[in-house]
Amino acid sequence: MRMMLVGSGAVGESILRILESRKNHNEWLEFVLVADYDLQRANEVIENLKEKENYKAVQVDARNKDEMIELIKEYSIDFVMDSAAPFVSNIIFDAAYEGGANYGSMGTWSVPMDNPKFGLGIENSYIEPMTKYNFDRHEEWKKKNQMACICMGIDPGVVNVFAKYAAEYEFDELHEIHVKDGGNLEIPGAKENDITFGFNVWTILDEVMNPNVEYDKEKGGFIVEDAFCGEEKFIMPEGVGENTLVKVEHEEVVTMQRYLSKYGLKKVTFKIALDPSLINALKVIDSLGLRSIHPVDVGGVNVVPRDVVAACAPQPKDIGNEMTGMMLVGVHCIGIKDKKKKEIFMYQPFDNKESIRRWGMQAVVAQTGFGAALSIELIGRGIWKGEGVFSPEYFDPIPYLDLMKESGFRYEIV
């Protein structure tokens with residue numbers, strides 16, 4: 001595989017560190033082109049690796065499709081990994097297609113309406129629903145014998161693999177899948193009103209504040225509600241304890257419905273635990289119009305409000321050493337086995353101190369990078385393959401779970 005990584009932020013760097021740690025990775029990973037708008041940052045990421053000879057840093061504007069196509073052809077790239085901000089994901093996706101490369105991502109881009117009509121029908125609240133741009137181009141990718149695999153992080157990503165495994169091996173009928181993203185991370189000594197963006201700021205402003213979506217077959221399909229709906233208490237294992245979760249927009253709701261309906265699926269939700277200070281900050285940002293992606297005139301200069309927030313907010317790559325606790329992400333599955341009701345919670349725990357020790361990265365970042373790195377390895381080794389556009393539920397889950405065990409990326413079922 002000759003890979004171009006577009007975006008060398010915290011998660012992009014974690015992907016490369018984890019790939020480098022995999023045994024025999026040089027047998028299938030021949031070359032990596034680290035492409036970023038900030039060339040200094042791309043070079044910094046390479047300098048942090050142990051083996052540098054098969055890596056090269058280049059400057060690229062991911063809003064410029066032609067620039068990326070030129071790089072794909074110049075360096076004979078056969079796989080493009082999208083680790084950039086969500087708003088350029090469609091452009092990177094198209095560049096990979098037109099450049100003749102396969103493609104991977106950890107999420108997709110969606111565009112809500114300014115005045116969403118909550119209720120039944122995702123199309124009534126979104127100009128561009130999540131995953132639609134990608135799946136609508138399945139046949140085009142298939143005709144060119146190219147493969148795109150979207151949603152390859154932790155969630156979406158690892159949890160999609162868990163859901164497929166549950167459908168195949170734990171249930172005769174799988175009726176409900178509820179993705180739970182939580183943990184007990186905290187920063188000792190943090191002030192009451194301190195705000196932590198544990199992940200890409202753009203992504204948080206999108207998925208948390210966008211209208212949230214769940215799938216309910218009995219109610220007619222996709223149900224859309226306003227931000228922060230569906231609050232519930234959920235007891236996490238491993239001593240993490242009670243988490244307060246709310247629904248947010250997330251791709252699993254769409255991809256699981258797409259691939260797992262044949263197992264009897266009736267309902268899918270995604271919920272995440274959010275710090276109260278972050279929730280309050282997001283509400284203020286939204287009410288002031290600072291989440292907007294539409295430029296405003298400031299003293300004769302056009303400024304995108306969200307770019308200002310993203311630039312000023314604490315960056316994930318700069319947060320971590322001081323945090324204690326763990327991330328814990330999984331799927332709560334409900335169905336029938338041997339004519340009896342069955343429930344399981346299949347999850348991946350990731351301790352922050354262990355993450356800092358092993359990877360030099362905070363848990364939220366490294367956990368996502370780990371999920372993506374294992375998917376890239378399966379694609380690079382020709383184990384996950386196909387023609388068209390897919391998400392992880394399409395593939396056999398067993399090779400992925402085997403890699404998790406082999407690499408120490410622990411998972412459990414209760």
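I started with strand 11 (residues 212–216), which runs antiparallel to strand 15 and is joined to it by two bridges. This is a predicted model, so I'm reading everything below as computed from it.

**Strand 15 and its partners**

I looked up the register next: Y215 has V268 in strand 15 as its bridge partner. Then I went through the other strands that pair with strand 15. Strand 14 (residues 241–247) is antiparallel to it, with three bridges, and there K247 is partnered with K271. Strand 10 (residues 173–183) pairs with strand 15 in the parallel sense, over six bridges. For that pairing I noted H178 standing opposite T269.

Is strand 15 enclosed or open to the outside? I checked residues 267–273 and found five of the seven buried, so strand 15 is largely enclosed by the rest of the structure. Reminder to self: side chains in a regular strand alternate between the two faces of the sheet.

**The seven-stranded sheet**

I moved on to the open sheet, where seven strands come in the order 3-2-1-4-5-9-20 with parallel pairing. Which strands stand at the edges? I get strand 3 (55–59) and strand 20 (388–390); each has a single partner strand, so one side of each has no neighbour in the sheet. From one strand to the next, I have the twist averaging 15°.

At the strand 3 edge, I looked at the pairing with strand 2 (residues 31–36): it is parallel and has five bridges. L33 is the residue I found opposite K56 in strand 3.

Then the helices lying across these strands. Helix 3 (residues 65–74) lies across strand 1 (2–6), strand 2, strand 3 and strand 4 (79–82), and I have it at about 155° to strand 1. Helix 4 (residues 89–99) lies across strand 1, strand 4, strand 5 (102–105), strand 9 (147–149) and strand 20, at about 160° to strand 5.

**Two domains**

I pulled up the domain assignment, which gives domain 1 (2–149) and domain 2 (158–361). Their C-alpha centres are 21 Å apart. I then looked at the contacts: 28 residues of domain 1 touch 29 residues of domain 2. How much area is buried between domain 1 and domain 2? I have about 2400 Å², with 71% of that from carbon and sulfur atoms. On the domain 1 side, F118, M130 and F135 lose the most area to domain 2, and together they make up 24% of what that side buries.

**Helix 7**

I did a length check on helix 7 (residues 158–170). At 1.5 Å a residue its 13 residues should span 18 Å, and I find the end C-alpha atoms 17 Å apart, which agrees. I also looked at burial: 11 of the 13 residues are buried, so helix 7 is largely enclosed by the rest of the structure. Among the buried ones I jotted down V158, F162, Y165 and E170. K164 and N160 are on that buried list too.

**Helix 10**

I ran the length check again on helix 10 (residues 276–287): 12 residues at 1.5 Å each should span 16 Å, and the end C-alpha atoms are 17 Å apart, which agrees. Which residues of helix 10 are buried? I list S277, L278, I279, A281, L282 and I285. For reading that list, I keep in mind that an α-helix has 3.6 residues a turn, so residues three or four places apart point the same way. Last entry: just after helix 10, I found G289 with a positive phi of about 80°.

Methods: Residues are numbered from 1 along each chain as its sequence is written. This is a predicted model: local features need pLDDT of at least 70, side-chain atom pairs count only at pLDDT 80 or more; totals for chains, interfaces and linings use all residues. Side-chain values use heavy atoms; hydrogens and water are left out. Buried means under 20% relative accessible area, exposed over 50%, partly exposed in between (1.4 Å probe, protein chains only). Helices (H or I, at least four residues) and strands (E, at least two) are DSSP runs, numbered from the N terminus. Two strands pair if DSSP finds at least two bridges between them. Axes are lines fitted to C-alpha atoms, for helices over the stretch in contact, and angles run from 0 to 180 degrees between N-to-C directions. Contact means heavy atoms within 4.5 Å. The expected span of a helix is 1.5 Å times one less than its number of residues. Domain bounds come from an automatic or database domain assignment. Buried area is the accessible area (1.4 Å probe) that two parts lose on being put together, summed over both.
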